Amino acid sequence: MSAPNNSFDPVEVTPLHPDEVARMREEALAAIAAAQDLAELKEVRLAHAGDRSPLALANREIGALPPAAKAEAGKRVGGARRDVGQAVKERQAALEAERDERVLVEERVDVTLPWDRTPRGARHPLTTVAERMADVFVGMGFEIAEGPEVEAEWFNFDALNFQPDHPARTMQDTFFVEGPDGGDSGVVMRTHTSPVQVRALLSRELPVYVVAPGKTFRTDELDATHSPVFHQLEGLVVDKGITMAHLRGAIDAFVGSMFGEGLRTRFRASYFPFTEPSAEVDMECFVCRGASVGDPDNPCRTCSSEGWIEIGGCGVVNPRVLVAAGVDPEVYSGWAFGLGIERTLMFAHGVRDMHDMVEGDIRFTSAFGSEN
Ligand code: FA5
């Protein structure tokens, strides 16, 4: 067994030599001071204060020294490591403060700049008016029903009691969908939303209280009051003991809600194959309330000084329609209406020309705001 190495001189172990320890300390402090950002400082910390740094390796040598030499060498290396650790801490704090200051400047938001210069998109007023119209009926307990825009002729015409020779079926009014061989496909672009009546009756339990907003198509020329593609709101009620008086009440509630309370409505006798009796619905002009009639000094542009505005067609559901939809007309009765949504938008917002609604000019739609 060998004797303890009492005569060992720590000065002889190079990494523990005071000059060497001082050099390692100076080198570390210089590298820390030179670190320009936090990433660089991280690398410097690993190199000069990490487990494999020269000072850490020197520290390991102390274990091999004789006890008498350990204290002094430990003090020397420990002091250098403390200084390096302290310098890293201080540099870290300084660099973090610099970074925070820079980020504050770089990410500054000038709250005085004008905001949102890009015009915001909005839904088309036809969509919002259609929803408002439907909402009035939803508020009365109606449900929303739907049907396809490309519709079977049977739903669009036959089930609604249009006779085979009815003029609405001709090419002058209806867009027919061509069959694969160029012939008759039995399918049309729906000319009104009334086919949804039959679809609703076939697919729902009675009683039925529905409204169906939707797109419709006719071979009309685009002019100030007509469009080949337009929208209607269909309404249908089928229940026991339903009369035209209920229809009157529902229309009055709708007109009051959309255009203002207290406006009178009137029914003018008309004809639709799927209702009997049928009527055109007029409402009192909400601008002049009839005051312009017979007064050339105060003309009204909204009602053309007629005092009344036509808003759609309606009537008691023809028993033949109920039979086509499998409903017993001895037990059930009902009524239906079809309102033009473009016309409603025209009256409600003073839109003079149908072109404005279809041409997609943002100057028209933006006037309605960004209601969504
Ligand atoms: C019908 O379409 C019936 N289906 C309405 C109906 C439903 C009656 C249920 C009875 C029971 P009419 O063809 O009148 O009816 O059209 C109804 C409304 O659609 C018109 O009052 C008008 O506001 C609108 N309309 C019709 N054609 C056009 C068009 N080319 N452009 C814009 N709106 C139109």
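Is Thr 128 buried or exposed? Let's start there. Thr 128 comes out at 8% relative accessibility, so it counts as buried, the cut-off being under 20%. Thr 128 belongs to helix 5, which covers residues 125-138. A polar atom of the Thr 128 side chain is 3.0 Å from the backbone oxygen of Pro 125. And before I go on: what we have on screen is a predicted model.

Okay, the ligand. It sits in the largest pocket, and 24 residues surround it. If you want the closest ones, look for His 192, Ser 194, Arg 218, Asp 220 and Gln 232. Three of those names come up again when we go through the polar atoms. Take Asp 220: an N or O atom of its side chain is 2.7 Å from a nitrogen of the ligand. With Arg 218, the ligand atom is an oxygen, and the distance to an N or O atom of the side chain is 2.8 Å. With Ser 194 we are back to a ligand nitrogen, 2.9 Å from an N or O atom in the side chain. As for how covered the ligand is, on its own it would expose 680 Å², and the protein buries 92% of that.

What is the shell around the ligand made of, in terms of nonpolar, polar and charged residues? The split is seven nonpolar, twelve polar and five charged. Several strands feed into that shell: strand 6 (229-239), strand 9 (308-317) and strand 10 (333-340) each give at least two residues.

Now some backbone oddities, starting with the prolines. There is a cis peptide bond between Leu 206 and Pro 207, with omega about -5 degrees. You'll find Pro 207 in the loop that runs between helix 7 (195-203) and strand 5 (208-217). Another cis peptide bond joins Glu 276 to Pro 277, and there omega is about 0 degrees. Pro 277 is not in a loop but in strand 8, residues 275-284.

Next, positive phi values. Asn 161 is a non-glycine residue with a positive phi, near 70 degrees. Asn 161 is in the loop between helix 6 (153-156) and strand 3 (176-178), and because its relative accessibility is 15%, it counts as buried. Arg 289 also has a positive phi without being glycine, near 50 degrees this time. Its loop is the one between strand 8 and strand 9. Which class does Arg 289 fall into, buried, partly exposed or exposed? At 41% relative accessibility, Arg 289 counts as partly exposed, because that lies between the 20% and 50% cut-offs.

Then there's Gly 350, which follows helix 10 and has a positive phi near 65 degrees. Helix 10 itself covers residues 341-349, and its buried residues are Ile 341, Glu 342, Thr 344, Leu 345, Met 346 and Phe 347. So there is a glutamate on that buried list, Glu 342.

Last stop, another glutamate. Glu 151 is in strand 2, residues 150-152. With 1% relative accessibility, Glu 151 counts as buried, since the cut-off is under 20%. How far apart are Glu 151 and Asp 19 in sequence and in space? They are 132 residues apart along the chain, and 98 Å apart from C-alpha to C-alpha. That's my tour, thanks.

Terms used. Residues numbered from 1 in each chain as written. Predicted model: local features only at pLDDT ≥ 70, side-chain atom pairs only at ≥ 80, totals over all residues. Heavy atoms only, no water. Near = heavy atom within 4 Å. Polar contact = N/O pair within 3.5 Å; in protein donor to acceptor, adjacent residues only side chain to side chain. Areas by Shrake-Rupley, 256 points an atom, 1.4 Å probe, with all protein chains shown as cover. 1 Å grid on protein atoms, 1.4 Å probe; cavity = no way out; pocket = protein on both sides within 12 Å on 5 of 7 lines; lining within 4 Å. Sits in = over half its atoms within 2 Å of the grid points. Helix = DSSP H or I, 4+ residues; strand = E, 2+ residues; numbered from the N terminus. Nonpolar A, V, L, I, M, F, W, Y, C, P; charged D, E, K, R; others polar. Buried < 20%, exposed > 50% of the residue type's maximum accessible area, 1.4 Å probe, protein only.
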